[in-house]
Amino acid sequence: MGILVRFAALLSRSVLRLLASVSVEIDRSALPRSGPLIVVANHISNADPPFVAGWLTPALGRQLHILAKSSLFVPVVGSVLRRLGATPVKSGGSDIEAYRTARDILDRGEVLCIFPEGTRSATGLMGEPKPGVAMLATRSGVPILPVGVSGTDRFLGRGQRFPRLRAPITLRVGKPFTVTLDPSKSRREGMQAVSDEIMRRIAELTDERHRGRYGTS
């Protein structure tokens, strides 16, 4: 990892510890140290990307590549974002285009970080994932690392201009798993089952109030 990536992760951790009451649970012995990896997390706040990257970057010892809206990649800022691992995708673009971009990252043996819902939850509850995540996971066969984020919606939720100081926020990292399509189901049913499995794995790592329909088996 470059110095900028390590510094950005350190800065994220320092700022979040200063502003919020941070709790992190990571079993470092279970983390893959090499090879392609898909990190998946729920999305309830703009604070989620720096929260996830801030702690997982040093824990994995690897740079995370996060897909981000192309509109963010303006001069100067865009250059910094790229060096930090952000990869532009067109807002409202095709799923195939985003899939190819994501697959490219995995084919290079790197770490891809995805928020399956595609956008922040307006309620704090986990929503429906985009279908591309299940397609990427089943076609690539790459291990998936589930991450549960809790409390960031109260720390810096939709419509909040300033963070709520010392709000408790929690990051829990699970164990890697892989998914396959069930041959006894139709392709649509199989992909839905995989999507649900991914979201349930994330839900197990969040506070109960975030789980929505994924809180039931």
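**Contacts of Arg-172, the second largest pocket and the overall fold**

Outside the residues up to four places away in sequence, Arg-172 touches Glu-25, Pro-146, Val-147, Gly-148, Ser-150, Leu-205, Thr-206 and Asp-207. The model from which these contacts are taken is predicted. Arg-172 belongs to strand S7, which comprises residues 168–173. Two of the residues touched also take part in polar interactions with the Arg-172 side chain: the backbone oxygen of Leu-205 is reached at 3.1 Å, and the side chain of Asp-207 forms a polar contact, likewise at 3.1 Å.

The second largest pocket was also examined. Its volume is about 180 Å³. The lining consists of 15 residues, of which Leu-11, Ser-12, Val-15, Leu-16 and Pro-50 are the closest to the centre of the pocket. Helix H1, spanning residues 3–19, gives the most to this lining, contributing eight residues. In character the lining of the second largest pocket comprises 14 nonpolar residues and one polar residue, with no charged residues.

At the level of the whole protein, seven helices and seven strands are present. Their order along the sequence is α-β-β-α-β-α-β-α-β-α-β-α-β-α. The C-alpha trace spans about 50 × 40 × 35 Å along its principal axes. The radius of gyration is 17 Å, which agrees with the value near 17 Å for a compact globule of 217 residues. Of the 217 residues, 45% are buried. Among contacts between residues at least 6 apart in sequence, 74% join residues at least 24 apart.

Terms used
Residues are numbered from 1 along each chain as its sequence is written. This is a predicted model: local features need pLDDT of at least 70, side-chain atom pairs count only at pLDDT 80 or more; totals for chains, interfaces and linings use all residues. Side-chain values use heavy atoms; hydrogens and water are left out. Helices (H or I, at least four residues) and strands (E, at least two) are DSSP runs, numbered from the N terminus. A polar contact is a pair of N or O atoms within 3.5 Å; within protein, one must be able to donate a hydrogen and the other to accept it, and residues adjacent in sequence count only if both atoms are side-chain atoms. Contact means heavy atoms within 4.5 Å. On a 1 Å grid over the protein atoms alone, a cavity is a set of points where a 1.4 Å probe fits but cannot get out, and a pocket is an open set with protein on both sides within 12 Å along at least five of seven lines; lining residues have an atom within 4 Å of a point. Grid points are joined across faces, edges and corners, and a volume is the space filled by probe spheres set on the points. Ala, Val, Leu, Ile, Met, Phe, Trp, Tyr, Cys and Pro count as nonpolar, Asp, Glu, Lys and Arg as charged, and the others, Gly among them, as polar. The radius of gyration is taken over C-alpha atoms; the globule rule is 2.2 Å times the number of residues to the power 0.38. Buried means under 20% relative accessible area, exposed over 50%, partly exposed in between (1.4 Å probe, protein chains only).
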